[in-house]
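Colleague: Could you walk me through this one slowly? I am still learning how to read models like this.

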Amino acid sequence: SSVFCTVVQFFGVIIIAQPCKVKRSGVILSYFSERLLLLRQENSLSQKACAQKLQISPRAYAYYEAGEREPQLSTLIRMADFYGVSIDYLAGRTDTP
């Protein structure tokens, strides 16, 4: 089932309602994190390889997949370009890549 997560960014004071999925373990994982993981797995890539291609640290990539952090817009654009999908697809706003 879907719920909405509220994300607050400091130093810009932006509040974003983002669609999320509830996992069996009770952990809420955003569509972004879930899709990032699926895209990486579909392409048979490691987190380290993706991080290198995206010019970010492997730890940052792992945080994005785990839903512990959200990328900056410039990183989000690089991710969409790298995987050949739209930003709206990554964010869960559409099911069309």
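Modeller: We can go from the overall layout to confidence, then to the core and a few single residues.

Colleague: Okay, what does the secondary structure of the protein chain come to?

Modeller: This is a predicted model, and its protein chain has five helices and three strands. Starting at the N terminus, the elements follow the order β-β-β-α-α-α-α-α.

Colleague: And how many of the residues count as buried?

Modeller: Of the 97 residues in the protein chain, 34% count as buried. The accessible surface of the chain is about 6400 Å², and carbon and sulfur atoms account for 54% of that surface.

Colleague: Where is confidence lowest, and where is it highest?

Modeller: The average pLDDT of the protein chain is 79, with 70% of the residues scoring at least 70. Confidence is lowest in strand β1, residues 2–9, where the mean is 44, and highest in α2, where it reaches 97.

Colleague: Which stretch has pLDDT under 50?

Modeller: Residues 1–17 stay under 50, and for this stretch the model has 28 contacts beyond four places in sequence. Residues 22–27 are also below 50, and that stretch has seven contacts in the model beyond near neighbours in sequence. Where pLDDT is low, the predicted coordinates should not be read in detail.

Colleague: Fair enough. Switching topic, which residues touch the most other members of the largest nonpolar core?

Modeller: That core has 17 residues, and Ile56, Tyr61, Met79 and Leu90 are the ones that touch the most other members. The elements giving two or more residues to the core are α1 (31–42), α2 (47–54), α3 (58–66), α4 (73–83) and α5 (87–91).

Colleague: Which of them gives the most?

Modeller: That is α4, which gives four residues to this core.

Colleague: You mentioned Leu90, so what is it in contact with?

Modeller: If we leave aside neighbours within four places in sequence, Leu90 is in contact with Tyr31, Phe32, Arg35, Leu39, Leu76, Met79, Ala80 and Val85.

Colleague: Arg35 is on that list. Where does its charged end sit?

Modeller: The charged end of Arg35 sits over the ring of Tyr89, at 4.2 Å from the ring centre. There is another case with Arg69, whose charged end sits over the ring of Tyr63, 4.4 Å from its centre.

Colleague: How many aromatic pairs turn up in the whole structure?

Modeller: The search finds one aromatic pair. It is formed by Phe82 and Tyr83, whose ring centres are 4.8 Å apart, and because their planes meet at 70°, which is over the 60 degrees needed, the pair counts as edge-to-face.

Colleague: Are those two buried or exposed?

Modeller: Phe82 counts as partly exposed, at 31% relative accessibility, whereas Tyr83, at 11%, counts as buried.

Colleague: Last topic, the backbone. Which residue has a positive phi although it is not a glycine?

Modeller: Most residues other than glycine have a negative phi. Ser44, in the loop between α1 and α2, has a positive phi of about 50°. Gln55, in the loop between α2 and α3, has a positive phi too, of about 60°, and is not a glycine either.

Colleague: Is Ser44 buried or exposed, and what about Gln55?

Modeller: Ser44 is exposed because its relative accessible area is 67%, and the cut-off for exposed is over 50%. Gln55, at 65% relative accessibility, also counts as exposed.

Terms used:
Residues are numbered from 1 along each chain as its sequence is written. This is a predicted model: local features need pLDDT of at least 70, side-chain atom pairs count only at pLDDT 80 or more; totals for chains, interfaces and linings use all residues. Side-chain values use heavy atoms; hydrogens and water are left out. A nonpolar core is a set of buried Ala, Val, Leu, Ile, Met, Phe, Trp, Tyr and Cys residues joined through side-chain atoms within 4.5 Å. Buried means under 20% relative accessible area, exposed over 50%, partly exposed in between (1.4 Å probe, protein chains only). Contact means heavy atoms within 4.5 Å. pLDDT is the predictor's confidence in each residue, from 0 to 100. Rings of Phe, Tyr and Trp (its six-membered ring) pair if their centres lie within 6.5 Å; planes under 30 degrees apart count as stacked, over 60 as edge-to-face and the rest as tilted. A charge sits over a ring if NZ of Lys or CZ of Arg is within 6 Å of the ring centre and within 35 degrees of the ring normal. Accessible areas come from the Shrake-Rupley method with a 1.4 Å probe; for residues, only the protein chains shown count as cover.
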